[in-house]
Amino acid sequence: MNINQLKLQAEKDRRRLIEIIYSANAGHTGGDLSCLNMMTALYFEIMNINPENPKMELRDRFVLSKGHCVEALYVTLEARGFIEKKLVDTLGQYLSPLAGHPTIEVPGIEVNSGALGHGLPIGVGMAMAAKMDKKPYKTFVLMGDGEQGEGSIYEAAMAGSHYKLDNLVAIIDRNMLQISGCTEDVMSLEDMNARWTAFGWDVVEVNGDEMEDIVEKLRSINYSNGKPHLIISHTTKGKGVSYMENVAKWHHGVPTEEQYTQALNEIDERIKQYE
C-alpha cells in the first residue's frame, strides 16, 4: 500500500471501531484510536503475515501488551482478512469469542494478553526462540505509556538487551494519558528515550499520528545491529474524533447517539478526502 492507501485504511478502521464500540456499549475508545495508525502500518505494510495461514511458521509475531485496546486489534484483523465481519459484530454479546482482551481463540491473535506489563516479557521469549531456532521472523510488542509503571517491563528490557534481540521491536503508544489522568502526574516517565537507551536499546521517536513518519521509521529498523528496538510513538488519545482527543475520560467510554453520529461524520469526511 502507498501512504494514501494506508491513511484511507486507518480511517475505515477508525469508523468501524466506533461502530463496534457503540454497538457493544463498551470499549477503551481513546487508546484504541491512538494506536490504530500504528496497527494499520504494521498489518498492511510491515509484518510478514498471511490471513489464509495465520499460524505459518515464519510469520512475524504481534503482541498487544495493552490488551484493553483489543477493539483496535479486532477491526485491524477484520480488515486484513483474519476474521469475518459477522464475528466482529458479536463483540459484547453472550458467548462471543471476542472478549475485552485478546484471546488465542481468535485467528491472528498470538497470546492472551492484557495483564499490563506482561506483553514485553512474552515478546522477549518469542524473539529469543527465533534466535535459538535460527528463524527470521520478527516480534512486535505494542505497549501503553501508562503501562510503563510496571516493573516487569524493565526486567524484560534488561533481558532484551542482554540477549541482543535485534529481531524484537517494542512500541510505546505515548498518548500521555492513562485511566487516572496524565501519565506525568500519576508516575512520571520522562526521560523515556534516555532510560531505554541506557538499557541498551536502539530508540527512535515517531509521530504516531502521521502515517508517513510511522512507515519511514518502521522501514528503517536495522535488524542486524545487535540491539532490541524501541519506538516511542507520540500519539493523541482519541485521535480522529474531535471531542475525544486528549480527554482522559475517553480512556474507557461509549458515545451517545448524538456523539456517535458526530464521530462517524468526522471520519466520513476524511474518508472522502482519501478516496
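Here is a quick briefing on how some helices, cysteines and backbone oddities sit in this structure.

What you have in front of you is a predicted model. A good place to start is helix α1, which covers residues 3-24. This helix packs against α2, against α9 and against α3, so those three pairings come up one at a time, because each has its own angle class: oblique for α2, roughly perpendicular for α9 and oblique for α3. After that come A263, the cysteines and a few spots where the backbone does something out of the ordinary.

**α1 with α2**

- Helix α2 spans residues 29-46, and its axis runs 9 Å from that of α1 at an angle of about 140 degrees.
- That angle makes the two helices oblique to each other, because it falls short of the over-145 range that counts as roughly antiparallel.
- The crossing of α1 and α2 is right-handed.
- On the α1 side, the residues that meet α2 are L6, Q9, A10, D13, R14, L17, I18 and I21.
- Their partners in α2 are T29, D32, L33, L36, N37, T40, F44 and E45.
- Sorted by class, the residues of this contact come out as 8 nonpolar, 4 polar and 4 charged.

**α1 with α9**

- Helix α9 takes in residues 211-219, and it packs with α1 at about 115 degrees, the axes being 10 Å apart.
- That makes α1 and α9 roughly perpendicular to each other.
- Here, too, the crossing is right-handed.
- From α1, the residues involved are I3, L6, K7 and A10, and they meet M211, E212 and V215 of α9.
- This contact has 5 nonpolar and 2 charged residues, with no polar ones.

**α1 with α3**

- Helix α3 runs over residues 70-80, and the angle between α1 and α3 is about 125 degrees, with 9 Å between their axes.
- The pair is therefore oblique.
- Once again the crossing is right-handed.
- α1 brings Q9, D13, R16, L17, I20 and I21 to this contact.
- α3 answers with E71, A72, V75, T76, E78 and A79.
- Split by class, the residues here are 6 nonpolar, 2 polar and 4 charged.
- Some α1 residues turn up in more than one pairing: Q9, for instance, is listed for the contact with α2 and also for the contact with α3.

**A263 in helix α10**

- A263 is part of helix α10, which covers residues 257-274.
- Is A263 buried or exposed? It counts as buried, because its relative accessibility is 0%, and the cut-off for buried is under 20%.
- Apart from neighbours within four places in sequence, A263 is in contact with I18, V241 and Y243.
- I18 should look familiar: this α1 residue also meets α2.
- A263 and I231 are 32 residues apart along the chain, and their C-alpha atoms are separated by 29 Å.

**Cysteines**

- How many disulfides does a search of the whole structure find? The search turns up 0.
- C69 is not in a disulfide, and the nearest cysteine sulfur belongs to C35, 5.2 Å away; a disulfide would need the two sulfur atoms within 2.5 Å.
- C69 is buried, at 1% relative accessibility.
- C182 is in no disulfide either, and its nearest cysteine sulfur, that of C69, is 17 Å off.
- C182 is partly exposed, with a relative accessible area of 26%.

**Backbone oddities**

- As a rule, most peptide bonds are trans, and most residues other than glycine have a negative phi.
- Going from E190 to D191, the peptide bond is cis, with omega near 10 degrees.
- Where is D191? Look in the loop between α7 (183-186) and α8 (192-198).
- K164 is not a glycine, yet its phi is positive, near 55 degrees.
- K164 lies in the loop between α6 (151-162) and β3 (168-174), and counts as exposed at 52% relative accessibility.
- N246 is another residue that is not a glycine but has a positive phi, about 60 degrees.
- To find N246, look in the loop between β7 (229-234) and α10; N246 counts as exposed, with 53% relative accessibility.

Key. Residues numbered from 1 in each chain as written. Predicted model: local features only at pLDDT ≥ 70, side-chain atom pairs only at ≥ 80, totals over all residues. Heavy atoms only, no water. Axes fitted to C-alpha atoms, helices over the stretch in contact; angles between N-to-C directions. Helix = DSSP H or I, 4+ residues; strand = E, 2+ residues; numbered from the N terminus. Parallel < 35°, antiparallel > 145°, perpendicular 65-115°, else oblique. Left-handed = near helix turned anticlockwise from the far one by under 90°. Contact = heavy atoms within 4.5 Å. Nonpolar A, V, L, I, M, F, W, Y, C, P; charged D, E, K, R; others polar. Buried < 20%, exposed > 50% of the residue type's maximum accessible area, 1.4 Å probe, protein only.
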